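Grab your viewer and let's work through a couple of short exercises. Each one sets a task and then walks through the solution.

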Amino acid sequence: MNIALISKIAAEVGTPFYLYSEQRLRQNFQAFADAVKTLNKATVCFAVKSNFNPTILKILAGMGAGADIVSGAELELALQAGVSANKIVFSGVGKTRTELTAAIQAGIKQINAESESEIRLINDIALELGKTAAVGIRVNPDVDARTHEKITTGKKENKFGIDWNDAYRLFLSAEQFKGVSLHGIEVHVGSQILDLEPFREAFVKTKKMLTALKDKGVLLQTVDVGGGLGVAYKADESAPSPADYIAVLQDVFGDFDGEFVFEPGRCLSGDAGALIASVVRVKQTDEKSFAVLDAGMNDLVRPAMYDAYHTISALKDGKASRTYDVVGPICESADIFGKDRVLPELDEGDLVAIETAGAYGATMASNYNGRPLAAEVLLDGNRYAVIRRRQTVAEMMGLCQPAPWV
Ligand code: LLP
């Protein structure tokens, strides 16, 4: 990291702020796009939930990315960023009539339905609009992703997807849905997966479904394998490359001549971002040294919510010689970014970077403890731009209004 440049940005923008590397984001997308070139037909849809900053979306859209969306607002964001509708896929267990209507009207690539009643609703809306909606069934593969329990999605007890047998029955009775072209299958196993085996298991099950359907004369056109490829958060961790992942897919699906859809989020945006914060206080107790930052769990909730590990580095020279618990200012014991981190001696005003925060960082932020949302800055070589300025207190409270009787 370029300490001088980051210090300059911090002086200008204030802390905390998210800092994104355009170069890294582009490299990550390119690596994925290159890996899928070996496939017959593929669309890489960036999981907007991991980072919905319009500039980030515009960079990816410009490189040919599609979008994986989970709400009506994400649909608007993707379209505004220049993603063409035929590269947008829509998942989620609770899509509303309004959201589905917007998606059908926009003519998106595929709505991944997560229940039979959703398919019926899509069918009704499409018929009312005089359109045919492209629909995929999100199946629940019942595979253990071996990741954090709060980000595993493909097990039977999770709320996601349609049970294997029900999906099979629905595909075979697709004729009943006159407003729907039921031509795809989606299987998303979970997130932050570092072991390729759960993917293989899910692919094998999906392939079996394709074969069973083919035997009945039903040919699916798209296989959407979701997202989930992990990133290295720790120095000693390593993540499979997109090429390794695609090799497993090819190994399982070999002869499939339809289209593959991918919904990567974290492995594109994760290591392209860091949360930059200042040390506001160094607090010594009998037990510990605490480095208290001006960023808190409201800015980056992953450590508090998932016990997630993020590498923390001090943006100063000096030997890592002191052990700190790096914490935020929020009135919650869970507001800890990292325990027992060995860093150079820290002083008030020093900058630290909480790394690999480009995915599920800014998008999960809140105003808890009366804290305006942090700024976001894009870095490209030596130039930088504020791509979301810091929220003001007035903006934070701008939606509130008095009750007339108070
Ligand atoms: N597709 C579907 C249907 C998903 O549910 C998700 C993530 C993705 C794609 C993108 O997954 P990725 O490639 O980013 O792993 N907030 C959590 C992660 C939640 C993931 C939710 N679904 C975290 O900070 O770890």
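**Exercise 1.** Check whether the length of helix H8 in this predicted model agrees or disagrees with its residue count.

*Solution.* Start with the count: H8 runs over residues 196–215, which makes 20 residues. At 1.5 Å a residue, the helix should therefore span 28 Å. Now take the end C-alpha atoms: they sit 29 Å apart, in agreement with the expected span.

**Exercise 2.** Work out which residues of H8 are buried and where they lie around the axis.

*Solution.* First, list the residues with under 20% relative accessible area: Leu-196, Pro-198, Phe-199, Ala-202, Phe-203, Thr-206, Met-209, Leu-210 and Leu-213. Next, look down the axis: these residues cover an arc of only 155°, so they fall on the same side of H8. The spacing helps here, because an α-helix has 3.6 residues a turn and residues three or four places apart point the same way. Then flip to the other side of H8, where Lys-208 and Asp-215 are exposed. Last, find the partners: the buried residues pack against strands S6, S8 and S9 and helices H7 and H9.

**Exercise 3.** Inspect what happens at the start of H8 and just after the helix.

*Solution.* At the start, go to Asp-195: one of its side-chain oxygens comes within 3.0 Å of the backbone nitrogen of Glu-197. Then move past the helix to Gly-217, which has a positive phi, near 85°.

Notes: Residues are numbered from 1 along each chain as its sequence is written. This is a predicted model: local features need pLDDT of at least 70, side-chain atom pairs count only at pLDDT 80 or more; totals for chains, interfaces and linings use all residues. Side-chain values use heavy atoms; hydrogens and water are left out. Helices (H or I, at least four residues) and strands (E, at least two) are DSSP runs, numbered from the N terminus. The expected span of a helix is 1.5 Å times one less than its number of residues. Buried means under 20% relative accessible area, exposed over 50%, partly exposed in between (1.4 Å probe, protein chains only). The arc is that of the directions from the helix axis to the C-beta atoms. Contact means heavy atoms within 4.5 Å. A polar contact is a pair of N or O atoms within 3.5 Å; within protein, one must be able to donate a hydrogen and the other to accept it, and residues adjacent in sequence count only if both atoms are side-chain atoms.
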